[in-house]
Structure formats: structure tokens, C-alpha cells
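User: Could you teach me how to read a few features of a protein model? I'd like the general idea and then the case at hand.

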Amino acid sequence: MSTETAPATVSASKATARDAIKENLREYGLVLALIAIMIFFQFTTNGVLFKPVNLTNLILQNSYIIVMALGMLLVIVAGHIDLSVGSVAGFIGAVAAVLMVDYGFHPFLAGLVCIGVGAVIGGAQGYFIAYMKIPSFIVTLAGMLVFKGLALWLLGGRSVGPFQAEFQMLSAGFIPDPIGPWTIAGVKLHATTLVIAILIVAAMLWSALKSRASRESHGYDAEPYGFFVVKNLVMAGIVLFLLYMLASYRGLPNVLIVMGVLIALFVFVTKRMTFGRRIYAMGGNVKAAALSGINTERLTFYIFAIMGALAALAGLIFAARLNMATPKAGQGFELDVIAAVFIGGASALGGIGQVTGAVIGAFIMGVMNNGMSIMGINIDWQQVIKGLVLLGAVAFDLYNKKKA
């Protein structure tokens with residue numbers, strides 16, 4: 001009897017492991033793609049990509065794209081599009097410059113005013129889309145032209161700057177190191193960054209164990225324990241490596257802390273809050289969502305207001321990085337933001353998309369930009385390659401949906 005059940009048990013366990021691998025390959029396919037792209041450029045750039053200073057620059061160069069990608073994810077999941085985010089970011093940078101340089105506003109007060117203006121701009125566009133039923137493509141295309149023109153008018157064709165040191169810290173500053181530097185194997189390290197890295201990894205592992213225990217307690221299938229351990233150790237190792245590299249330079253950039261807080265907030269909103277679940281329901285079937293009692297007009301208004309506020313924050317980050325506001329600031333940002341969300345797995349039809357996917361998609365675009373620039377590839381060919389990657393990502397997503 002035991003000889004008959006043993007092969008069945010072995011084959012069942014193999015099937016379970018196989019299913020777990022397939023499921024996690026779909027879930028972590030973007031992470032694997034990002035790792036593969038980074039390894040490729042690490043070799044083709046002769047090791048420049050993984051240098052601590054370059055990794056830090058990679059974060060700083062893509063911070064404003066990631067911030068806007070969070071809002072764009074909500075917009076696209078809801079079944080809309082926003083073409084105005086680049087122009088709004090550039091316009092808000094101009095507003096911040098005029099307030100701080102020409103009128104002497106304190107950076108914190110100017111930042112609050114600018115984010116409020118961004119939310120009003122987004123809300124105004126959301127009103128036309130939600131209540132006047134004008135397609136989002138048309139409204140935001142008009143917004144792109146309007147705010148590009150307003151930025152040129154406000155700056156008078158000139159670049160305005162420099163800004164106060166406190167404002168520059170938003171994009172060019174790093175967290176302090178009250179613990180003091182540690183020296184490990186002859187390398188001077190930012191101790192506070194290392195402590196934060198350990199806490200992040202501990203939180204990741206604790207959350208994974210808690211989630212697994214919750215699934216098992218409710219009777220859901222859990223992946224094989226060995227696979228679970230290997231997967232989480234690999235993810236923890238990646239996080240530790242990246243934060244160690246940052247610690248060996250100047251530590252965590254201030255803007256990375258801002259990004260981390262926003263990412264955590266949007267993950268919570270989309271996964272745990274009724275507001276987030278309603279966005280997915282509306283994007284999946286707007287008529288069914290309305291019939292179920294969801295106020296789709298008000299929800300659309302809020303989504304675009306959030307997008308406007310995030311575009312404003314991105315404009316402040318970009319202006320702080322340049323240390324001036326320029327008439328051409330924000331040009332083309334909307335293309336990188338939309339591409340990041342689609343590469344991250346969002347559906348062009350709405351209803352599908354994840355925060356982590358959008359962030360990884362933004363980093364994929366950023367690594368490609370950075371790596372191709374280091375390799376000396378002309379900007380025209382960079383655009384061609386990025387366009388092909390975007391097309392391939394969307395085609396792959398549609399192929400998987402048809403196959404499923």
C-alpha cells in the first residue's frame with residue numbers, strides 16, 4: 001500500500017513545486033527582467049553601472065518619474081490617460097521658482113502652495129472628464145498645451161534660479177548619519193543606511209512569514225517551504241546589496257525616503273483601502289461599478305486631483321535637482337511615465353496594474369537610459385529601443401491574457 005502511494009505523493013509535490021515556480025515567475029517576472037537588464041549593462045559598461053555613485057545618480061535621475069508613475073497607475077487602472085503630467089510638472093517648477101526667487105517665499109511654504117496648485121489643476125481636468133464626459137485623452141492633451149504655454153509665459157523665456165539650500169536638499173540631499181561611519185573591510189560606510197537596510201529586510205521577512213501563516217490558517221494553498229525560503233532570501237539579498245552600495249557612497253538620498261513613503265502609501269491604498277478597490281472595479285467595468293453604488297464621477301475627480309498633486313511634487317523634485325526652473329522642464333516626461341506603467345504590467349484597457357510593477361517599470365526605463373548613455377548610444381537610437389521595449393511589453397501582456 002505504501003509503495004502505491006509514494007509515487008503519487010512525489011508526483012503531487014513536484015506538481016506543487018512546478019505550479020509555485022510558474023506562479024512566482026509571473027509575479028516576479030519584472031524583477032527578473034530588471035535584474036537581467038542591470039547585469040547586461042554592468043558588463044557592457046565595464047562595471048560602471050553598479051558603482052555606488054552611479055546607482056545614486058540612477059535613483060536621483062528617475063525619482064520624479066517614479067513619483068508620477070504612482071499617480072499614473074491609478075489613472076490607467078481607472079481606464080483613463082493623462083498626457084499633461086510633464087507640462088504640469090514644468091509649470092509647477094516655474095511657479096516654485098517665481099515664488100522663492102522673485103517673491104522670497106520659504107521653500108516649505110512654496111512647496112505646499114505648489115502641491116496645492118497641482119491638485120487644483122488635476123481636479124479641474126478631472127471635473128471635465130468626470131462630469132462633462134470629455135475623454136481624458138482630449139482634456140489632458142489640451143492641458144499639456146495650456147501648461148506648457150503658461151510655463152513659458154511665467155518664466156518669460158528665461159531660466160530662474162538658483163534656489164535656497166533647503167529646497168535643493170529635496171533632490172540633492174542625503175539623510176544624516178547620527179550613528180557615525182563604520183569601516184568594514186577597509187570601506188567607509190554610512191552606518192545609519194546600513195541599520196535602515198537591516199530593518200527593511202527584517203520587516204520584509206516578517207511580513208512574508210506572517211502572510212504565509214495567514215494563508216495556511218485560512219486553508220489556502222501555500223508554496224513549498226523550500227521555495228518560499230529561497231525566494232525571500234534572494235529578495236533580501238538584493239535589497240541588502242543595493243543599500244550597501246548606497247551606504248558606501250553618501251547613504252540614502254532624501255528623495256529616496258520620499259519615494260519609499262509614497263510607494264508604501266500607494267501599496268496600502270490599492271491593496272487595503274476601499275478607495276483603491278473601487279478604482280480597480282471602475283477600471284474593470286465602469287457601468288457595473290456605477291450600478292453597484294460607486295460614485296464613478298467623484299472617484300475620477302479624486303484620481304486626477306491626486307495625479308496633479310504628484311505631478312507638482314515631481315516638478316519640485318526636478319527643479320531642485322537642476323537648481324533652476326527652465327522653460328523646457330518636463331518636456332517628454334509623460335512618455336516615460338506612461339511607458340513605465342505599461343511596462344510594469346498595467347493594462348491599456350484598465351482594471352489591471354500594481355504599484356510595484358509601475359515602480360519596477362520606471363527603473364527598467366531608467367536603467368536603460370543610464371546604461372545606453374554610458375555606452376555612448378545616440379539619443380535617437382535610445383528612443384527607438386525604448387519604443388520597441390514598450391511595444392514588446394504591451395504585446396507580451398496581451399499575449400498572456402489571450403493564452404490565459
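Analyst: Happy to, and we will take burial, the core, a polar contact and a surface patch in turn. This is a predicted model, where local features need pLDDT of at least 70, side-chain atom pairs count only at pLDDT 80 or more, and totals for chains, interfaces and linings use all residues. Residues are numbered from 1 along each chain as its sequence is written, and side-chain values use heavy atoms, leaving out hydrogens and water.

User: Is Gly-122 buried or exposed?

Analyst: Buried means under 20% relative accessible area, exposed over 50%, and partly exposed in between (1.4 Å probe, protein chains only). Gly-122 has 2%, so Gly-122 is buried. Gly-122 touches Phe-304, Ala-305 and Gly-308, not counting residues up to four places away in sequence; contact means heavy atoms within 4.5 Å.

User: Which residues touch the most other members of the largest nonpolar core?

Analyst: A nonpolar core joins buried Ala, Val, Leu, Ile, Met, Phe, Trp, Tyr and Cys residues through side-chain atoms within 4.5 Å. Here the largest has 103 residues, and among those touching the most other members are Val-67, Met-72 and Met-307. Met-72 itself contacts Asp-82, Val-85, Met-307, Val-337, Ile-338 and Val-341, leaving aside residues up to four places away in sequence.

User: What does the side chain of Ser-347 reach?

Analyst: The backbone nitrogen of Leu-349, at 3.1 Å. Ser-347 is also buried, at 4% relative accessibility.

User: And how exposed is Phe-128?

Analyst: Phe-128 is partly exposed because its relative accessible area is 38%.

Notes
A polar contact is a pair of N or O atoms within 3.5 Å; within protein, one must be able to donate a hydrogen and the other to accept it, and residues adjacent in sequence count only if both atoms are side-chain atoms.
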